[in-house]
Amino acid sequence: MSCCNLRGGRHYSIISIVLLWLAFVSPLKCLAKRHDLELDLPISSYKPHSKTFNVFLYGATGDGTTDDSKAFKAAWKAACLVPRATVEIPSGFTFLTKPITLEGPCMPQLILQIDGTLVAPPAVATSRRLQWINIKWLHDFTLQGSGTADGQGFALWNVSEIHHIEKETRDDSSVRPTILRFYKCYNVTIYGIQIINSPQCHLKFDNSIGIRVRNISISSPKDSPNTDGIHLQNTYDVEVKHSDIGCGDDCVSIQTGCSNVHIHHIRCSPGHGISVGGLGRGNSLACVSNISVENILVQNALSGVRIKTWQGGIGSVKNLSFSNVRVDHVDTPIVIDQYYCNKKWCRNKTDAVAISEVMYRGISGTYSFEPVHIACSDSMPCTGVALEDIKLSPVNETEDRREAFCWNSYGESQGLLQPSSVGCLERTTKMIKALTKSHNDSCY
């Protein structure tokens, strides 16, 4: 009878080897099948004690049409228990996934490596879900890779369909899903990925601390409504850098509860620029402080750098700095608007979010409508506003040009001011100082 010579010089018959197979390997495959695991992979893909959890090992197909949500959840659940683990979404494949929540707490230094393409089912765009991929309760987490997350928001970019949906739901755009949302996460790093075609926000951080975003790309058409690039709320200690953002709304939106935010070396095109607000909607409390925006390029946008608040709000916006901002074909490069209203008509109210200590330095480039628009509340003037070295030129020199507009805004203009109307701030008086000093700042 034929036999095999194995290590140690012992001889085993073919029958013995078959018996060993039946005794050990076959039950393992049955167990895997029972738990919906896929083991029909090359032996080389199995790595004992590996810290890499490839979604194919958990049943993903990567064909772009089969739902891979269960495989993603299974890979995440396994990796969550292992320190320094990586959930791997390999390149060269397209993975369709329904709305999914990836939650902690997990062991520290977990990595989600996206090198392939994730696509949302088209129906997600018109659903009432708040997010497509929801990541929450993590610390020391990294999302990285060369892949793409595609929200397929095309269905909601038809304006008539948007109005129909809002009428049917009796709600506004907030019912449309964000592609990627982080909630109550700490020490998060995101880099390298591309996020495209969101039904609403592309990347949102809510109630989080210690966020680092770098070298990412965000893209949706200029006419895609309410598609903020990066949306921050109740989040602090944030850095966004070396990224390219183009969308149909604010490239970066900074909402209430944000502090210690540093945005630099990014390109915003197209979009509505970098915006703080809208704040104070529905007479609400708004608190924003210590925001720095520098060394950025804004092109083909509604605004360059903007602060917008609703009438009737309370709270404060203070210690903001916008410097070395280059604008190209931007409607209005510098904006403070305390009469913000996205409806046909809004009721006049006396309360206002107080705005103070805002620096604009080294803002240059071309505008197509108005160089500066600073419209502060009648009841609560803006104070400590600084305009320094502003050099703005109209895109078309032959057209009638609006001059810079300032209302109830106090501070100092200095250095190069072009056009000369940019020097429209009023000098702060003792009466104004007394008025603002008496203001009860509910944020602190």
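Buried means under 20% relative accessible area, exposed over 50% and partly exposed in between, with a 1.4 Å probe and protein chains only. The model described here is predicted, and local features need pLDDT of at least 70, side-chain atom pairs count only at pLDDT 80 or more, while totals for chains, interfaces and linings use all residues. Residues are numbered from 1 along each chain as its sequence is written, and side-chain values use heavy atoms, with hydrogens and water left out.

**Salt bridges**

Where a side-chain nitrogen of Lys or Arg lies within 4 Å of a carboxyl oxygen of Asp or Glu, the pair is called a salt bridge, and by this rule the count comes to six. Three of them are listed here.

| Pair | Closest N to O distance |
|---|---|
| D206 and R181 | 3.4 Å |
| D244 and R267 | 3.2 Å |
| R306 and D250 | 2.9 Å |

Strands are DSSP runs of E with at least two residues, and helices are runs of H or I with at least four, numbered from the N terminus. D206 lies in strand β16 (residues 203–206) and R181 in strand β13 (residues 178–183), so this salt bridge ties together parts that are 25 residues apart in sequence. D206 is buried at 8% relative accessibility, and R181 is buried at 14%. By contrast, D244 is partly exposed at 32%, as is R267 at 31%. R306 and D250 are both buried, and D250, R306 and K308 are linked in a network of salt bridges.

**Helix α2**

In helix α2 (residues 69–79), the buried residues are S69, A71, F72, A75, W76 and A79. The face of α2 turned away from this buried side carries the exposed residues K70 and K77.
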